[in-house]
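Please walk me through this structure, with attention to how its side chains pair up, how its helices pack, and where it leaves open space.

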Amino acid sequence: MESLDQLTQSFDAIITKYDEKSNSFTDLSSLKDFLQLISHSNEKHLYESDLLHHRLFVILRDWYLKLLRHWRLDTLSNDEQLSFIFEMIPNLFIKMSNHISEKNLSTLRELIFHQPLINELNICLEEIASSGKYLQDSQIKSLDNIFRAIQRLQRHRSDTKVDACLTRLFDNIVKCICSPSFIDMFIHSTTQENDGPGQKFLLHTCTDYIYSHPTDQQHKQSLIDIRRSLLQPFSQWLIQQSSSYQLWNLRMTVILRQLCFILTLSLQLNRSVDLDKDTFDQYCRLIDSFLNILQSIIQTENLINNKIALSLMGTLTPNLYTMTLSGQLERYIKNKHITSLVLKLADIENDEIQLNAFRILSIIITEQDANNTSNAMNIADLFMKFLSKVIDDQNQMLKFYNLLRCLKHLIQYDPIKDELVKQNGIPLLVRCATDIKFKPLQVQQPALEILLTLTFNEHAYRQLKQNLPQIKPLISSPHQGVSRVVDGLLWRLETQEKRLVSKGNTWKYDVMISYSHSDKELVYRIYDQLIKDDVRVWMDRDETFGTTMITKADAIDQSNYILICVSDEYKENLYCRCEATYAADRHCQITPLILTLNAHPDGWLSDVIRRKSYIDFVVLDFDLAYKTLRSELCSVEIHLPKNDIRSVRAKTEYPETIEQWTNEDVREFLQEYQFDCLLPVISPMNGCLLNDLFTMCRQNRESMFHTIKNEILALNKHAQPLTLYIYLRFLNEIQKYVTKAVYY
C-alpha cells in the first residue's frame, strides 16, 4: 500500500515523462502500471488537498476525452493496454467520488463536469438512444464508469449553473430508457444469469442515474415520457411473469426496484393531475400484480431467510405506497380491501418493509376496515409494540416519526381509538407529547394531535383530564403548531363542558362556515356570494394559527346557522371535528354542503349530519346549489336582499301547460315546493320529460318510487333519501299542472 509521499512521487514521475514526450503518453505500459498502482492505493490519499489538485488528474481527464472521441468514431485501437486505460481512468474518478466533502466537491466538479467531456458523452447517449450503438461493445464499461462518477457528484447539488449544463445529459439518458433497445434488453435479461456490459449500462446505470438524481418539477415531462414508453410493456410483462417470481434472482429484483421507481416517480410530481384511462388501467395492472406477489410471498415459510422474497417486498411496498399518492389509484387500492395483507407486512422484522406497510395502512384503511374488531385490535397492538420499541432508540428516530404520523391518521377511526385506550396507550403518547428531549414538530405535535383525537373517547377523556398539568405548559411553546393543538386540548378538556351548559347568545352572524382549507376555492366562492347578498358571515378565511377554539366557539354560539362543508379532508381534519361536534352538541341549525365528488361522510361526521338536508355543490351546478342554499337560509328568516328567493317564489307563475315548462321552470318548481332531494335526478328535465315521468309514476307508483330512490342514492350514497311522503306530495303537486295540460 503506497504512502501519500510515495503516491505523490509517482504522480510527479508520470508528469515528468508526459512533459518530456511533448505532452503525450507514448509509454502505455508505464501509464497502465500507474493506474494499477492507484487502484490498489489507499483511497483516502486521493482526497488529500495536496494530491487532489495535482495537474495529472486534468491531464488524465483530457486524455480520456481524446480516447472517448476515438471510440465514438470507431478509430480507437484494439490494443489491450489502451482498452485497459480507457476503462481505468473513469474508474479512478469513481474512487475519487467515493468520499465527497465540502473540501473536495468544487474541485471534483470542475474536473469531471468539464463541458467538452459532457458534450462528448451527450453525443454517445444520443447514438445509443437512436440506434442502440455501443450496446454490444464490451468497451461500453468505460462509459458505465464515467456515468457512475457523474451520478455520485450529482447527488451533491449546490451550483445550479453547473447543474444547468447537465440538463441535456439527463434528457438523453431519459431517451435511452425510452428507446426500443431498453425494453428488449430488459426482457432478454430476465432469462439470463448475468448481464452483459451493454445491459448493465442501459438497465442499471441509466435507471440508477434517474433513481438517484434529484428530481423536481422541471423533470416532470421527462418522467411522463418514460411512463409512456415503459408502463404498458412492463405491466404486461409483470402480469405474465408474476406467478413465477420464485425463479427470479437478486439481480432481477434490483432492476425491478429501479424500473418501478421511475414509473411511479411521475405520480409524486403530478399528484393533482388525473391519469388518462389507458395510464390508469396500466397502473391498476401493476397494482394487481404487486398484490398477487405480496399475497403469495406472505404465505412463504421461513420468510425472514428468503432474500429474494424480502428484496421483492422491499421493492413493491414503497412503490405501492407511491401509487396511493394518486387519488384515482388510492381509491382503486382501497377497493381491494388489503388491510389484513398490509398488517401482515407490518409484522415482518424488516425496517423498510414495516415503515412502508404503516404508510400504506394509514392511507388505504376505510371505515369498514376499521370497524373490523380484529383489524382494530391488530393495528393498535402493532403501533403500541413498535412505539415502545423505538421511542428510546436514537437509531430508530425516522421510524419513530413516521409511526406517529401514520397513527395520527388511523386514530380518527373510533374502533382503533377504543383499542388503543384499552391497551393503555395514553401514558406512552403523553410522554411523546411532553418529554422535552423529543423534537417539537416531528414528535410533540403529532403526539398532541393524537391525544386531541382521543378526547372524543369517554375513557380517554377522563384519563387525559388527569394529565392536564403536564400538557398545559406547552401552550407557551414557540412552535405555533404545538401551541395550537394544546389550545384545542384545553378547549376539549376544560372549557367546552362549561360552554355547553351556558345560555346562547343573540345572533351576531347569520351564518358560520366550518370548512377544511383544502376546499377553500369552492368555499371562498360560496362565502363571496353570501357577502354579496348581505348575509353576515363568520369564517376563518385564512385558517390562521391565531384563531383559538374559544374564538370559533363564540362564532358558533353567535351564528343563526352553521354550514358544514363536507369532504374527505374535512372529515380527517381534527379542528373541523372539534367545530362540528360542538355545533351539534349546542343543537345548532346545521346544513351540510357536499363539496367533493365521492365524499364519504361516515364515522363521526355521519353522526353530526345524519338526518340533515344537505346541498350538493357537485351534482348540482353552482348557481342551482347556491339558490337552494338561499332557499334554506330564507326558511330560518335570515335577512336577504329584496330579490331573495322568497319574493321570487311568491311571484312564480309557471306556464299553464307543463309541456311549455323550461328546464329553469322545473328547477324553480322543485325548489319552491321543497323537493330538494329530487333536484339531482329531475332538475335536468324540461316540462315534456317531466310530464313523461309523471305518466310513468301514475302507471306504476311503487316501482317508480324505488327507481327514483335508487337513482338518487346511486348519484350520492349519502344523499338525503327520498321518503314516501315526499314522493306522494310531489305527485300531488305536479298533477295540478298535468291536469291543466289535459284540460286544455
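A salt bridge is taken here as a side-chain nitrogen of Lys or Arg lying within 4 Å of a carboxyl oxygen of Asp or Glu. The model is a predicted one, and by this rule the count comes to 37 salt bridges.

One of these pairs is formed by the side chains of Asp 288 and Lys 336, which meet with an N to O distance of 3.2 Å. The two residues belong to distant parts of the chain, 48 residues apart, with Asp 288 in helix H15 and Lys 336 in the loop between H17 and helix H18 (339–346). Asp 288 counts as partly exposed at 25% relative accessibility, and Lys 336 is likewise partly exposed, with a relative accessible area of 35%.

A second pair, Asp 557 and Arg 499, meets in a salt bridge at 2.7 Å, N to O, and here helix H30 (residues 549–557), which holds Asp 557, is linked to helix H28 (residues 480–500), which holds Arg 499, across 58 residues of sequence. Both Asp 557 and Arg 499 are buried.

In a third pair, the side chains of Glu 120 and Arg 69 form a salt bridge of 3.3 Å, N to O, which links helix H7 (residues 115–131), where Glu 120 is found, to helix H4 (residues 55–72), where Arg 69 is found, with their positions 51 residues apart. Glu 120 is buried because its relative accessible area is 3%, which is under the 20% limit, whereas Arg 69, at 34% relative accessibility, counts as partly exposed. Beyond such pairs, salt bridges also join Asp 392, Arg 431, Asp 435 and Lys 437 in a network.

The next point concerns helix packing. Which residues of helix H17 (residues 327–334) are buried? They are Gln 328, Leu 329 and Ile 333, and they lie on the same side of H17 because they cover an arc of only 130° around the axis. An α-helix has 3.6 residues a turn, so residues three or four places apart point the same way. The cover over the buried residues of H17 includes helix H14 (250–269), helix H15 (277–298), helix H16 (307–323) and helix H19 (351–364).

Helix H17 also takes part in the lining of the largest pocket, as one of the elements that give two or more residues to it. This pocket has a volume of about 1,800 Å³, and among its 48 lining residues the closest to the centre are Glu 330, Lys 334, Asp 568, Glu 569 and Glu 572. Other elements that contribute two or more residues include H19, helix H22 (397–410), helix H31 (568–572) and helix H32 (574–585), while the largest share, 6 residues, comes from H25. By class, the lining comprises 11 nonpolar, 20 polar and 17 charged residues.

A last contact involves Tyr 211, which is found in helix H12 (residues 197–212) and is partly exposed, with a relative accessible area of 29%. Leaving aside residues up to four places away in sequence, Tyr 211 touches Arg 257, Gln 258, Phe 261 and Ile 262. Of these contacts, the one with Phe 261 joins positions that are 50 residues apart in sequence, yet 6.9 Å apart in space, C-alpha to C-alpha.

Definitions and conventions:
Residues numbered from 1 in each chain as written. Predicted model: local features only at pLDDT ≥ 70, side-chain atom pairs only at ≥ 80, totals over all residues. Heavy atoms only, no water. Buried < 20%, exposed > 50% of the residue type's maximum accessible area, 1.4 Å probe, protein only. Helix = DSSP H or I, 4+ residues; strand = E, 2+ residues; numbered from the N terminus. Arc of directions from axis to C-beta. Contact = heavy atoms within 4.5 Å. 1 Å grid on protein atoms, 1.4 Å probe; cavity = no way out; pocket = protein on both sides within 12 Å on 5 of 7 lines; lining within 4 Å. Points joined across faces, edges and corners; volume = space filled by probe spheres on them. Nonpolar A, V, L, I, M, F, W, Y, C, P; charged D, E, K, R; others polar.
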